[in-house]
Amino acid sequence: MVELIIIKKYLHEFHDGALLNIEHAGHTYIFTLESAEMDPLDMKDVIILSQRGTIKGKLHIENIEHVKVNELTFQHELNMQYDYGSIFDLNIQNNIIEIQVSWRNSPQKPYVNDFSTIVLKSKNIWWENLPDLSDPFW
């Protein structure tokens, strides 16, 4: 497991990365994320990259206090709105996560052009580095 403080140094690398999945259990969300491709020479910390040279893993967001989607309090279970989410921006400050996602569908489904800003406030956030995690879109 990689400490969240290390991952925070590389949040800018998630621009043009992917939100691959959202899992929900009780007051916990788990976002499966992959960064854009990185040059291993740019790495300043010991993080094992995937075969494609990306940071890949799960962001665990525990003891959720509130969820907002596009500035509106979200009362339902948060899930993948479409097949794939391209990350425009990812920010983590204190116990607040903001992720901006451009949504799209896989071929054979109708084209979509949707964008969401998701903000979660929680009591505990941690990163699980999973460089060998399979990607259903690759």
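**Figure 1. Aspartate 16 sits in the loop between H1 and strand S1 (18-25).** Helices here (H or I, at least four residues) and strands (E, at least two) are DSSP runs, numbered from the N terminus. What we're looking at is a predicted model, where local features need pLDDT of at least 70, side-chain atom pairs count only at pLDDT 80 or more, and totals for chains, interfaces and linings use all residues. Residues are numbered from 1 along each chain as its sequence is written, and side-chain values use heavy atoms, with hydrogens and water left out. Now back to the loop: is aspartate 16 buried or exposed? Aspartate 16 is exposed, because its relative accessible area is 53% (buried means under 20%, exposed over 50%, partly exposed in between, with a 1.4 Å probe and protein chains only). Aspartate 16 also has a positive phi of about 70 degrees, even though it isn't a glycine.

**Figure 2. Glutamate 71 is in another loop, the one between S3 and strand S4 (72-73).** Glutamate 71 isn't a glycine, yet it has a positive phi of about 70 degrees. With a relative accessibility of 76%, glutamate 71 counts as exposed.

**Figure 3. Glutamate 34, in strand S2, pairs up with an arginine.** Its side chain and that of arginine 52 are joined by a polar contact of 2.6 Å (a pair of N or O atoms within 3.5 Å; within protein, one must be able to donate a hydrogen and the other to accept it, and residues adjacent in sequence count only if both atoms are side-chain atoms). Glutamate 34 has a relative accessible area of 3%, so it is buried. Look for histidine 15 too: it is 19 residues away from glutamate 34 along the chain, and their C-alpha atoms are separated by 9.7 Å.

**Figure 4. Lysine 58 belongs to strand S3 and meets a glutamate.** Which residue's side chain shares a polar contact of 2.9 Å with that of lysine 58? The partner is glutamate 23. Lysine 58 counts as buried because its relative accessible area is 18%. If you skip neighbours within four places in sequence, lysine 58 is in contact (heavy atoms within 4.5 Å) with a set of residues that includes Ile30, Phe31 and Thr32, as well as Trp126, Trp127 and Leu130.

**Figure 5. Serine 116, in strand S7 (residues 114-129), has two polar partners to find.** One is tryptophan 103, with a side-chain to side-chain polar contact of 3.0 Å. Another is glutamine 81, whose side chain is joined to that of serine 116 by a polar contact of 3.5 Å. At a relative accessible area of 1%, serine 116 is buried. Not counting residues up to four places away in sequence, serine 116 also touches Val69, Asn70, Ile99, Gln100 and Val101, among others.

**Figure 6. Tyrosine 82 is in the loop between S4 and strand S5 (84-93), while tyrosine 84 is in strand S5.** How much of each shows? Tyrosine 82 is partly exposed, with a relative accessible area of 26%, whereas tyrosine 84 is buried at 15%. The side chain of tyrosine 82 makes a polar contact of 3.4 Å with the side chain of aspartate 114. Leaving out neighbours within four places in sequence, tyrosine 82 is in contact with residues including Trp103, Arg104, Asn105 and Val112. Serine 106 lies 24 residues from tyrosine 82 in sequence, but 8.6 Å from it in space, C-alpha to C-alpha. For tyrosine 84, check out alanine 18: the two are 66 residues apart in sequence and 7.5 Å apart in space, again C-alpha to C-alpha.

**Figure 7. The second largest pocket has a volume of about 170 Å³.** Of the 13 residues lining it, Tyr29, Ile64, Val67, Phe74 and His76 are the closest to its centre. Strand S2 (28-34) and strand S3 (56-69) are the elements that give two or more residues to the lining, and S3 provides the largest share, four residues. On a 1 Å grid over the protein atoms alone, a cavity is a set of points where a 1.4 Å probe fits but cannot get out, and a pocket is an open set with protein on both sides within 12 Å along at least five of seven lines; lining residues have an atom within 4 Å of a point. Grid points are joined across faces, edges and corners, and a volume is the space filled by probe spheres set on the points.
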